[in-house]
Each structure stands twice: as C-alpha cells, then as structure tokens.
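Visitor: I would like a close look at one part of this protein. Please take me through its nonpolar core and the pieces around that core.

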Amino acid sequence: MRKSEFFKDLKIEDEDKPRAEKALWAKGIEKHILIKEYLQAWSSKSLRYSQVATTYRYDKRIRNVLYKYISYLEEFYRAKILDNYFNKESDISWFTPINKFLNKGLSLNESLEALEFKTLIDIIKSISKNFNEECVFVAAHKNKNFYAFDEEKLIGGAIGFVCYSWYYLDLLFVEDAYRKKGIGSQLLKLVELFAKENFLIGVRVETWDFQALGFYQSKGYNVFGEIKDCPPGTIEYHLKKEL
C-alpha cells in the first residue's frame, strides 16, 4: 500500500524501476515518501524518481557532515575564548553568560562546555573584531558530473561533488544495454583524473553489498567503514581511494 503511494504520480523510467524497488527495500519506504512530499511541495512540475533518489543521498550525507562540522566549531570557539582570557586580549564582559556555571564550582573549561552553541558564537562575536575572517569556515562545495554518450543518447554518468578536498561520488550508472563494455571503468577514470588535476585527496563512495562493492575494490578502493543490518541482512560500505 505504501509502496504504491510512493510511486503514484512519480515519473520513472523502466530501467530505474528495479533500482527503485531495491532502494525502497534497503533504505525504507517512509523516508522516501517524506522526501517525495517535501519536493512536491516546492515544485509545480511532475516529480521524477531521480530527484527523490538524489535528495535522499544528499540528505543523509549533509546531516553527517553537519554534525561533525558543528562539533569542530564548538572546540575551536572554546579554544579561542580561552586564549583570549589567558592572554587578556579584551575585557572579560563576556564572562557574564557563564557565571552561573562558575558559581556551581565548575572550571572555566567545563563552563564553556556547558554553554549552548549559540552562546559560544555570541561570546566569540563580542571578543573578535574580525569574526567572519577568524572564526567562520566555509567548505567549498562544487558539483562535478561526467557523462557517456552513444552519439546523442545518454548511456551513463558519474554524479558527484567536491567538498573538503575530496570528490564524493554519489552515483555511477550505465544503461543496461551498454554494461560489461568498460564504460563504468572509463567514467571512474575521468573522476580520478579530475581529482588528481585539482589536487584533491581522493575519491569517496558508498555502496551496498548487493551493488558494486567488488567493482570498486577491483579499482583500488578500500573499505574504511560499514553499517551492518541496515536494513537487516545487508551491509552498507564506505570506500575511498587516495590519489
């Protein structure tokens, strides 16, 4: 019932249907339906399955990166505040937000750890004259895709983006009729050549045990992480190749 609800009013190519069925089984129908509803709310045009699939991958990755990014910023801001205090670089009017923690017997470092992220930012802004230059880190995010054609017909592609000096390969696809002809390997070579020419650390990719694990390993990619039983009976692999 829920599966038919997901496919209702969704434009999907015949060759994508088996892939969509596997994705719903492996990653869950409810999440896909939620993403579909969000996208429909923002668009008056007919929605394609490829849009839902791409959004799912980005949604997961962005959340994971964001959590790590905020954790790093918190540590950096605490260190910046401590440096300011011990070096007496400004007055200590910023002390007010943490007095309630200091009065409980906590150390300055412990008090800073107890503060909310927004309060840390407010303190940093009050003691730093060049907040945007000194304390904000923006990772360049650049989409870069590669395609394979048979005359004017699109038969394959490598979809991904550059972030934190890595190329993140989101999707590598080849039309069924053109598989086993080395097209996927050629696309991967283009990705790696681009990464080398742009002085990136390497290429990262995710795949399931029922997808292309052997293919990537044969090309020199190493597993650096895995998630078991999500869903039960499957393994999601995280691979990388440093160049």
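Guide: Start with a term. A strand here is a DSSP run of at least two E residues, and strands are numbered from the N terminus. With that in hand, find Tyr167, which sits in strand S6. Keep in mind that this is a predicted model.

Tyr167 is our way in. Its relative accessibility is 0%, so Tyr167 counts as buried, the limit being under 20%. Now look across from Tyr167 to Ala195. The two are 28 residues apart in sequence. Yet their C-alpha atoms are 6.6 Å apart in space.

Next, the core itself. The largest nonpolar core has 24 residues. Tyr167 and Leu169 are the ones with the most contacts inside it. Several elements each supply at least two residues of this core: S4, strand S5 (153-163), strand S6 (166-174), H9, strand S7 (202-208), helix H10 (213-218) and S9. The most comes from H9, which gives six residues. Apart from this core lies another one, of 14 residues. Leu82, Leu108, Leu112 and Leu115 are among them. There is a general trend to remember: in soluble globular proteins, nonpolar side chains tend to be buried together.

Stay with H9 and S9, since both feed the largest core. A salt bridge also links them. Glu192 pairs with Lys241, and their closest N and O atoms are 3.3 Å apart. Glu192 lies in helix H9 (residues 183-197) and Lys241 in strand S9 (residues 235-242), so the pair ties together parts that are 49 residues apart in sequence. Are these two partners buried or exposed? Glu192 is buried, at 11% relative accessible area. Lys241 counts as buried too, at 18%. As a general point, side chains of opposite charge can pair when their charged atoms come close.

Now follow S9 to its partner strand. S8 (residues 222-228) and S9 run antiparallel, and six bridges join them. Val223 stands opposite Leu239 in S9. The two strands form a hairpin with six residues between them. In that hairpin, Asp229 takes a positive phi near 55°. Another salt bridge joins Glu226 and Lys228, with the closest N and O atoms 3.7 Å apart. Here the setting is more open for one partner than for the other by category: Glu226 counts as partly exposed, at 40% relative accessibility, while Lys228 counts as exposed, at 55%.

A further salt bridge brings Arg179 and Asp176 together, at 3.2 Å from N to O. Arg179 is partly exposed, with a relative accessible area of 39%. The structure holds six salt bridges.

Turn to the surface next. S4 gives residues to the core, but Phe149, found in strand S4 (residues 146-150), belongs to a surface patch. That patch is nonpolar and is formed by Tyr147, Phe149 and Leu154. Together they have about 300 Å² of accessible area.

Last, step back to the chain. The protein chain has ten helices and nine strands. Of its 243 residues, 36% count as buried. Take the contacts between residues at least 6 apart in sequence: 55% of them join residues at least 24 apart. The chain exposes about 15,200 Å², and carbon and sulfur atoms supply 53% of that area.

Terms used
Residues are numbered from 1 along each chain as its sequence is written. This is a predicted model: local features need pLDDT of at least 70, side-chain atom pairs count only at pLDDT 80 or more; totals for chains, interfaces and linings use all residues. Side-chain values use heavy atoms; hydrogens and water are left out. Helices (H or I, at least four residues) and strands (E, at least two) are DSSP runs, numbered from the N terminus. Buried means under 20% relative accessible area, exposed over 50%, partly exposed in between (1.4 Å probe, protein chains only). Contact means heavy atoms within 4.5 Å. Accessible areas come from the Shrake-Rupley method with a 1.4 Å probe; for residues, only the protein chains shown count as cover. Patches are made of residues with over 30% relative accessible area and no salt bridge: like charges are joined within 9 Å, nonpolar side chains (Val, Leu, Ile, Met, Phe, Trp, Tyr) within 5 Å. A salt bridge is a side-chain nitrogen of Lys or Arg within 4 Å of a carboxyl oxygen of Asp or Glu. Two strands pair if DSSP finds at least two bridges between them. A nonpolar core is a set of buried Ala, Val, Leu, Ile, Met, Phe, Trp, Tyr and Cys residues joined through side-chain atoms within 4.5 Å.
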